[in-house]
Every structure is written in C-alpha cells, then in structure tokens.
Amino acid sequence: MALATITTTAVTTFTSTTAVLGGNVTSDGNANVTERGVVYATTQNPTTANSKLVIGNGTGSFSNTVSGLTANTTYYVRAYAINSQGTAYGSEVSFKTSQTLALATITTTAVTTFTTTTAVLGGNVTSDGNATVTERGVVYATTQNPTTANSKLAIGTGTGSFTSNITGLTANTTYYVRAYATNSQGTAYGSEVSFKTSQTVSMATVTTAAVITFTSTTAVLGGNVTSDGNATVTERGVVYATTQNPTTANTKVTIGTGTGSYSNTVSGLTANTTYYVRAYAINSQGTAYGAQESVTTPSASAQTVTDIEGNIYKTVTIGTQVWMAENLKTTKYNDGFNIPMVTDNSIWINLVTPAYCWYNNDLTAFKNTYGALYNWYTVNTGKLCPTGWHIPSDTEWTSLTTYLGGESIASGKLKEEGTAHWLSPNTGANNETGFSALPGGEREIGGFTKVRERGNWWSSTEIGSASALYRVLKYNDNNLSRFNVGKTVGFSVRCVKD
C-alpha cells in the first residue's frame with residue numbers, strides 16, 4: 001500500500017469572488033481514499049491546514065465551486081487525497097480572481113459653448129469600474145436630473161473625455177445636462193450642469209439641393225432652410241446664372257416662405273450649358289445663400305430611359321453602345337415584383353438569393369446620387385434592368401474600354417469631374433463621354449465601405465459558382481480595372497441597351 005496518486009486541475013473558470021477547483025485521483029495506492037478535495041491559500045504550497053474543500057472520496061475526477069474569495073487576488077491550489085497511508089497532494093496551480101466590478105465614474109463638462117439652437121455637451125469617464133464602458137454620452141432636458149429616458153446623445157465608448165454638438169434646441173431656454181456611462185453594472189451619471197440658450201437673431205441657414213433631375217431645357221432646383229435665425233423667413237428660393245456665385249440680382253425663383261425643404265422646376269434653359277445655382281433665404285437680418293451647386297444641361301438630342309418604378313435615367317451613346325449615365329436605383333424587377341431589401345449585414349453576406357440595399361442603409365442620403373447596391377444573384381435574374389436593356393457582360397465592358405483607348409486611360413473619360421462626389425484628387429477625370437461615373441462604394445463582409453472612393457459595377461459574367469466579374473473606377477488612378485469577386489458583394493449597376 002502507498003499514498004494515493006492525484007493531479008490538480010488547472011483553474012480556468014473564476015470570477016472576482018468564486019472559482020471552480022478540482023483534481024483527479026488516478027490511483028488509490030491500494031488503500032481506500034476516504035477523503036479527497038482541494039486546499040487553497042494566498043501563499044504557496046497550501047495544505048489541509050489551510051482552506052479546504054472536501055469533494056467526495058474514491059478515485060476519479062472531481063470539482064466544485066468555492067466562493068467568498070477576494071477580488072484581484074492570486075490563489076494557490078492543490079488537490080489532495082487521504083487514504084490509510086496519509087495525505088497525498090497534487091502539483092500546485094494558481095489563478096488570480098477578477099477585479100471587482102462597479103458602475104463607471106463620470107463627470108459632466110460645464111456647458112460654455114452654445115447658441116440659440118445648439119450646444120457643445122460632454123463629459124469625462126475617469127474610471128470604467130473594471131467593466132468596459134459600452135456607451136457614453138450626455139442626457140439633457142428642460143427639467144432637472146435627466147436620464148437616458150430623456151433626450152440622449154451617445155458619444156462613443158470607453159474612458160476619457162468626450163464632446164459633441166447637439167442641434168434643435170429651443171432659443172432662450174434653460175437645459176439641464178448630465179453625462180452618462182453604461183457598463184455591465186448599469187448606467188452612471190455625472191453631476192448636473194445647466195445652461196440657457198441664446199436668443200440672438202441671425203441670418204437664416206440654408207443649403208442648396210444637388211441638381212439631380214434635369215433635361216436639356218429644364219431642371220429641378222431647390223434647397224432647405226435648416227434654421228430661420230430666430231427671425232421669420234419671409235422669402236426663400238433659388239438663384240441661378242451661367243456665371244458663378246449668382247445672387248438675387250440674377251435669375252431668381254421664389255419658392256415659398258419659412259423653414260424646411262423646397263424645390264421647383266425651372267424651364268427655358270439652354271441645352272449643353274453649365275448653370276450655377278444657390279438656394280437663398282431672406283429674414284430681417286438679410287439674405288443668406290447656400291453653397292453653390294452646378295449642372296450642365298445635356299444636348300437637345302440626349303435620351304433617357306425609365307425603369308418600372310418611374311425613375312428616369314439619362315443615357316449616353318459611346319461608340320456603338322448606349323449606356324445609362326446614372327447608377328440604377330430600382331427596387332423592383334422589370335416584371336413589377338419587389339427585389340428583397342436586406343439591411344442586416346450578417347444576413348447579407350450569407351445570401352445565395354437576390355437582394356439590394358442602400359449604402360449605410362440610408363435611402364435619403366444615397367439613393368438619388370449613387371443609386372442602389374445589388375448582389376450578383378439579383379443581376380443574374382435577367383429582370384433588373386428596364387425592358388430593352390440588360391446588365392453588360394464582361395465582353396461588353398471590354399468593348400467600352402477598348403473604344404476609349406484601353407483600361408489604362410478609360411477611367412478619366414468616364415468619371416464625373418470634380419470632387420463633389422469623388423474624393424480628391426479624382427485623377428484624370430474629365431467625363432468627356434458623359435458617362436458620369438459615380439463612386440457608390442460597396443457592401444462586403446465587413447459592411448459598407450469605399451463610398452466616394454470607388455465605383456464598382458457588376459458584369460453578367462460569372463466565374464465558377466461563387467464569383468463574377470466586375471469593373472472598378474478609383475478616385476486616385478486612371479484605370480478601369482477588371483476583377484472577380486464573390487457573388488454576395490453589393491455593387492452598383494449600369495445597364496446597356498439591347
């Protein structure tokens with residue numbers, strides 16, 4: 001007979017106050033093991049004279065949970081087994097309990113920067129309470145002690161200082177503000193501060209709408225009065241001219257009063273001419289103008305095509321081909337059935353069926369300018385383009401690039417000029433073809449990316465069961481490049497006439 005043989009199990013499961021300890025009696029030494037368990041202490045080589053947890057008898061594996069441990073502390077553990085020959089110990093293992101979790105500690109920043117309708121609010125998470133701060137920000141209200149049930153502005157995660165600008169406040173009003181931070185233990189608030197918005201009257205704030213819908217003699221012009229400057233907007237509209245920075249001394253179209261978005265169709269324009277446009281708004285403080293937009297009317301012979309939903313697209317003839325001069329934006333097949341819209345990225349990347357989306361799932365910001373993003377399964381239905389049109393094959397794309405002198409120089413001839421939609425430097429862009437390529441970006445495994453950097457367009461040509469060919473234009477080179485990619489990726493579409 002001999003002492004039992006025992007091993008100590010490594011400690012992998014523990015919290016700030018508990019741990020799962022155990023061992024394995026591999027031999028009883030030919031004498032019954034009458035007691036087995038674990039001993040533990042904050043000093044090395046613990047024995048049964050230290051803290052002891054009895055876990056049965058006999059041979060085999062065993063484990064149990066101990067509680068009442070001290071947070072952020074290193075413990076040493078040995079399994080033990082007792083038979084008639086004495087007490088045997090396994091080798092020593094150690095672990096360190098987790099830190100104690102608590103609410104985060106946060107302070108609210110005094111509000112010193114504000115106007116009639118805006119304010120800069122912030123705070124400082126000085127401690128995360130040993131639990132990751134998953135959301136931080138400010139809450140505010142016109143009553144005291146606001147919480148996240150009031151107006152809330154999330155401003156990132158983690159510790160440290162943070163600030164952000166809020167808009168839409170009411171002039172001459174007292175607001176109460178508290179910074180907040182949320183971790184696994186709950187939501188902590190900083191002390192309350194207050195401020196009173198100004199009542200200063202100023203010029204209105206107005207933006208000019210991008211000119212998207214136009215023909216050789218007409219265009220839809222408009223703007224948005226986002227603030228009346230605390231003085232009634234008595235007139236708003238647009239001004240335009242063939243010279244830059246037009247004013248109300250040039251051609252003026254009045255479109256109502258007050259705040260909000262507005263638009264109207266102007267006619268009598270000259271074909272193949274560049275017009276400069278600014279929205280304007282007048283209050284008691286004067287006339288405010290939005291940023292300048294421009295539009296070049298097409299030649300009188302320019303053609304359009306309309307999809308099943310009534311979206312109208314400019315077209316352009318390049319060589320022997322007739323192309324859409326805008327990215328497709330339909331949400332229906334040409335037989336009238338809806339294309340499934342998928343917003344969840346985890347669902348999108350695993351699809352083997354048709355789907356479309358808007359970049360960043362934001363129809364308002366991206367539809368009219370950049371069109372929709374479609375996976376290749378939608379392309380492959382043969383029903384995506386308007387009747388009489390189709391998705392270009394890889395061969396048709398090659399015909400286009402060959403006509404334009406090859407892939408190395410075609411890019412600039414296709415890209416819309418300037419940096420209104422492309423990032424700078426928009427290398428080589430002159431849009432001499434009128435194709436007006438725009439960088440609608442892409443949707444891939446990691447989500448939405450590359451808007452304003454790249455325009456990607458599907459071909460109808462597949463490479464095996466999992467991928468297909470596409471063409472790409474970039475903001476920083478002259479190439480119209482050709483690659484293949486998985487069919488789940490979301491790209492823009494241009495149609496070519498049958």
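## Glu 462 and its salt bridge

In this predicted model, Glu 462 has a relative accessible area of 40% and is therefore partly exposed. Its side chain meets that of Lys 487 in a salt bridge, with 2.5 Å from N to O. Glu 462 belongs to strand β33, while Lys 487 lies in the loop between β35 and β36 (496-497), so the pair ties together parts that are 25 residues apart in sequence. Lys 487 counts as buried because its relative accessibility is 5%, and the cut-off for buried is under 20%.

## Other salt bridges

The whole structure contains ten salt bridges. Asp 394, Glu 407, Arg 471 and Arg 482 are joined into one network by salt bridges that share partners.

Asp 335 and Lys 383 form another of these bridges, their closest N and O atoms being 3.0 Å apart. This pair links distant parts of the chain: Asp 335 is in the loop between β27 (321-324) and α1 (345-348), Lys 383 is in the loop between α3 (376-379) and β30 (389-390), and the two positions lie 48 residues apart in numbering. Asp 335 is partly exposed at a relative accessible area of 35%, and Lys 383 is partly exposed at 30%. In the salt bridge of Lys 329 with Glu 326, the N to O distance is 4.0 Å. Here Lys 329 counts as buried, at 6% relative accessibility, and Glu 326 is buried with a relative accessible area of 12%.

## Strands β33, β34 and β35

Strand β34 (residues 467-474) is mostly covered, with seven of its eight residues buried. It pairs with β33 (residues 454-463) in the antiparallel sense over seven bridges. One bridge partner pair across these strands is Arg 454 with Lys 474 in β34. The hairpin of β33 and β34 has three residues between the strands, and Gly 464 takes a positive phi near 75° in it.

With strand β35 (residues 481-486), β34 pairs over six bridges, again in the antiparallel sense. Ala 468 stands opposite Val 485 in β35. The hairpin that joins β34 to β35 runs through six residues.

## Two three-stranded sheets

One open sheet has three strands in the order β1-β2-β5, with antiparallel pairing. Its edges are β1 (5-8) and β5 (60-66); each has a single partner strand, so one side of each is left without a neighbour in the sheet. From one strand to the next, the twist averages 20°. β1 and strand β2 (residues 19-27) run antiparallel and are joined by four bridges. Across them, Ile 6 has Val 25 in β2 as its bridge partner.

A second open sheet of three strands has the order β9-β10-β13 and antiparallel pairing. β9 (105-108) and β13 (160-166) are the edge strands, each pairing on one side only. Neighbouring strands here are turned by 20° against each other on average, direction ignored. Strand β10 (residues 119-127) is joined to β13 by seven bridges, and the two run antiparallel. Leu 121 stands opposite Ser 164 in β13.

## Aromatic pairs

There are 18 aromatic pairs in the structure. For Trp 323 and Phe 435, the ring centres are 5.8 Å apart and the planes are at 70°, so the pair is edge-to-face. The two residues come from distant parts of the chain, Trp 323 from strand β27 and Phe 435 from the loop between α5 (407-414) and β31 (442-444), 112 residues apart. Trp 323 is buried at a relative accessible area of 0%, and Phe 435 is buried at 1%.

Phe 366 and Tyr 370 form a tilted pair, with 6.1 Å centre to centre and 40° between the planes. They are four residues apart in helix α2 (residues 363-370), so about one helical turn separates them. Both Phe 366 and Tyr 370 are buried. Elsewhere, Phe 14, Tyr 40, Tyr 75 and Phe 95 form one aromatic cluster.

## Charges over rings

The charged end of Arg 78 sits over the ring of Tyr 89, at 4.2 Å from the ring's centre. Lys 415 lies over the face of Trp 422, 5.2 Å from the ring centre.

Key:
Residues numbered from 1 in each chain as written. Predicted model: local features only at pLDDT ≥ 70, side-chain atom pairs only at ≥ 80, totals over all residues. Heavy atoms only, no water. Pairing = 2+ DSSP bridges. Axes fitted to C-alpha atoms, helices over the stretch in contact; angles between N-to-C directions. Buried < 20%, exposed > 50% of the residue type's maximum accessible area, 1.4 Å probe, protein only. Phe/Tyr/Trp six-rings, centres within 6.5 Å; stacked < 30°, edge-to-face > 60°. Lys NZ or Arg CZ within 6 Å of the ring centre and 35° of its normal.
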